[in-house]
Amino acid sequence: MGNVLTIILQRLALGVLTLLIVSIVIFVAVNLLPGDFAQLILGQGATEESVNSIRRDLGLDQPMVARYLTWLGGMLTGDLGSSFAQLNFATNMGGANTVTVLDQILPRLGNTMFLAGVTAVIAVPIAVTLGVLAALYRNTIFDRVANIATLSSISSPEFFMAYVLILVLAVINPIFPSLSNIYDGMALSDRLEKTMLPALTLTLVVTAHMMRMTRASIINLLASPYIEMARLKGMSPMRVIVKHALPNALAPIINVVALNLAYLITGVVVVEVVFVYPGIGQLFVDSVKIRDIPVVQACCLIFAAAYILLNLTADIMSILSNPRLRHPK
Amino acid sequence: MLHGISRRSLLKTGAAAGVLGLTGMPLLAQTRGGKLTAGLNGANTSDSWDSRTHSDLFMIASASGSVFDSLTEVAADGSLKGELAESWETDDAITWVFNLRQGVTFHNGKSFGPEDVLESLQMHLGEDSKSAAKPIVENIAKMEKTGDYQVTMTLSAANADFPYLMSDYHILMFPAGQIEEAIQNGIGTGLYSVVSFDPGVRFVGKRVDDHYKGDTAGFFDEIEYIAINDNTARMNALMTGQVDAINRIDFKTEGLLNANPQVRIQEVTGNQHYTFAMLTDNAPLNDVNVRRALKYGINRQEMVDKILQGHGAVANDTPIGPANQYYNAEMEQLAYDPDKAAFYLKEAGLDSLNIDISASDAAFEGAVDAAQLYQASAGAAGINLNVIQEPADGYWSNVWLKKSFSAVYWSGRATEDWMFSSAYETGVPWNDSQWDDKDSARFQELLVTARGELDTDARRSQYYEMQQILRDDGGVIVPMFANYVQAVNNRIATPDTVGNLWQMDNGRMAERWSEV
């Protein structure tokens with residue numbers, strides 16, 4: 001087990017380095033975009049005087065490196081700072097600011113996790129079941145239809161799938177609402193109903209990958225001697241696959257499931273905008289629009305951290321699910 | 001008794017305004033009850049109840065339209081009526097006495113009085129103030145409490161429109177001594193108190209039980225405004241009945257709306273105008289003949305038909321629109337005339353003209369297409385416009401006021417003076433045509449005279465003349481007024497006259513609309 005621990009520590013250290021690089025890239029990228037917070041928040045009212053006054057208040061007149069180091073310093077002491085919008089608001093009020101980036105992000109992140117959770121609950125069983133069935137009935141009509149359907153849904157852009165679902169399930173057959181404006185204090189049943197369309201959209205997007213991986217890894221194993229042995233014992237094909245092939249195929253399946261979960265957290269931006277779902281993706285889009293760097297940075301770090309952690313989890317799970325990796329010689 | 005009251009006499013002594021406010025409403029069969037759910041754009045995660053920062057519909061409809069009140073209010077027909085001020089009077093347009101409404105309470109129980117007015121106005125001052133209403137409030141040299149329910153303001157320069165300016169959506173009344181708290185939680189005197197507010201996401205308000213506006217306004221028990229910045233999502237929400245009303249219809253999908261029997265489109269022409277501004281200090285635009293050539297080289301009707309798809313009206317190179325009091329509708333309309341354009345070009349001593357025109361869809365939707373249409377129509381007169389498509393980001397900082405010929409969007413103003421002094425007075429920051437004394441000393445002189453003029457007829461002729469000067473010599477080409485186009489579900493009743501100063505009945509649908 002010591003081996004696993006070393007891997008975890010190594011990967012975490014690498015993860016921190018990755019986060020650092022991500023933060024530099026994002027910081028530079030946002031600064032390369034034309035216009036800064038002061039100009040964009042003032043819009044047509046951006047006179048030289050008012051732009052400079054906001055820049056001075058927010059420290060935007062400092063050189064880029066200095067601004068980055070200040071942000072990094074805060075970050076290292078666990079302080080993600082406050083959004084430019086909030087700081088600007090505080091100077092308008094002549095008072096101290098109390099709302100931090102974390103206060104803004106956490107409820108949104110909660111909503112996004114909820115959406116990802118609902119999607120995972122729907123998508124993972126469907127994908128694995130479809131994958132097992134496709135392996136079982138490989139090269140039949142069923143296999144082909146399942147493959148074509150999932151591949152077409154993954155190949156279409158998300159917003160297109162979203163609009164198709166809205167058309168079919170909200171406009172023509174009003175089963176689900178097209179607006180997913182969930183809020184605090186909503187009953188769980190209402191919340192689920194409102195979340196259903198974005199969750200189904202994401203399900204369509206992530207199912208294909210997981211399903212095909214399940215199918216492929218099971219088919220891979222079907223040529224193994226021990227499967228042949230099981231078959232010769234007279235087991236039913238279903239039992240062969242579920243009892244004998246599936247456990248050995250778990251590692252790659254878990255891997256791809258974890259990857260897709262990471263995608264659910266980081267890739268929901270477009271879907272959230274289409275359905276007006278108040279998650280972190282929408283906050284991210286809003287913040288990029290006004291070049292609110294502290295919020296953009298924090299969102300990106302969360303996205304990157306989600307990827308790194310879920311990847312790490314995937315690797316560890318595949319080690320734990322494989323005795324040969326668990327007990328190396 | 002209300003007969004024969006002209007707008008002017010209402011302005012001069014708004015004594016009857018209170019009465020109008022109570023009895024002058026058309027008696028619609030509007031009844032209390034139900035809920036209004038609206039999907040609105042223009043929302044941001046940086047939104048707050050600080051009215052100094054408001055600039056877009058979502059917060060205007062939530063704050064000025066529901067939770068807060070101003071001293072005065074522009075009614076749907078464009079007339080001015082009292083909101084928290086019952087009446088006002090002046091003799092010289094310099095000293096203004098406002099008599100405040102009695103028995104008004106804020107949502108936290110505090111009663112409304114002169115101190116609240118003074119402190120709320122004070123919010124906009126100060127060296128660091130970024131309030132958009134600073135220029136308005138700065139003109140008040142002295143303000144004091146002159147009675148238990150009276151405030152007297154002395155201006156540094158005469159302004160006959162002062163009561164109009166007090167209806168600005170930035171200038172809302174906050175409770176004195178608790179302004180910070182009121183901004184945190186949204187505590188005003190409006191018809192609806194805040195139930196919940198999630199910036200950039202959602203606002204829910206509940207009708208105040210015992211409100212001074214009584215039964216004449218605020219018919220819904222509850223209102224919910226949902227932030228939907230995405231055009232398609234807003235449309236879907238209306239089509240599937242999840243919201244009762246939406247603002248800013250995408251013209252491309254208008255046919256879908258028309259096909260839906262549950263909803264109707266509501267359209268008003270106001271002062272919102274799209275322009276091409278010329279910097280008149282730069283050659284060759286400093287030559288009035290070049291400007292005239294450019295004015296005759298644009299096909300205004302084509303712009304309305306193709307850019308606005310019919311949802312607008314042609315304009316006459318002045319920013320004064322149908323929602324203004326002294327809109328000069330009789331003035332002869334400038335028409336597309338390549339011969340005249342070529343003639344003026346010759347007057348300027350030129351055979352042809354090559355000039356860059358900067359546009360981006362940040363200026364207004366379709367601005368680049370509009371510039372290209374302009375290019376095509378001006379070509380016939382020997383004017384070669386070179387359309388430069390500028391990046392949308394930073395357009396207002398890097399292009400507008402900097403490039404000598406650029407596309408611009410203006411929402412217009414409630415009064416002539418407000419509009420002129422925002423963008424046509426010598427030296428003001430938003431003067432996007434560098435329009436000043438050297439271009440027309442007469443215009444600048446009239447601007448100051450008309451501002452302090454209390455006589456309606458004199459003022460009308462002054463403003464008419466100013467519009468004419470702008471049409472003939474001005475540095476801004478105003479080809480079109482763009483309508484406010486919004487859509488409403490048929491379960492909601494709307495009055496016959498809907499405000500045209502701003503979208504969604506001037507943002508006051510919570511106050512004026514009701515369930516059928």
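Helix α6(A) passes helix α14(A) in a right-handed crossing, where right-handed means that the near helix is turned clockwise from the far one by less than a right angle, and helices are DSSP runs of H or I of at least four residues, numbered from the N terminus. This is a predicted model, in which local features need pLDDT of at least 70 and side-chain atom pairs count only at pLDDT 80 or more, while totals for chains, interfaces and linings use all residues. Residues are numbered from 1 along each chain as its sequence is written, and chains are lettered from A and ligands numbered from 1 in the order in which they are written.

Coming back to the pair, α6 of chain A covers residues 101–136 and α14 of chain A residues 293–320, and they pack at an angle of about 45 degrees with their axes 10 Å apart; the axes are lines fitted to C-alpha atoms over the stretch in contact, with angles from 0 to 180 degrees between N-to-C directions. That angle makes α6(A) oblique to α14(A), since oblique covers whatever is not under 35, over 145 or 65 to 115 degrees.

On the α6(A) side, Val101(A), Gln104(A), Ile105(A) and Leu109(A) meet residues of α14(A) that include Pro294(A) and Ile302(A), contact being C-beta atoms, placed from the backbone, within 7 Å. The residues of this contact divide into 8 nonpolar, 1 polar and no charged, with Ala, Val, Leu, Ile, Met, Phe, Trp, Tyr, Cys and Pro counted as nonpolar, Asp, Glu, Lys and Arg as charged, and the others, Gly among them, as polar.

For the wider setting, chain A has 15 helices and 0 strands, and its C-alpha trace spans about 85 × 60 × 35 Å along its principal axes.

Key:
Helices (H or I, at least four residues) and strands (E, at least two) are DSSP runs, numbered from the N terminus. Two residues are in contact if their C-beta atoms, placed from the backbone, lie within 7 Å.
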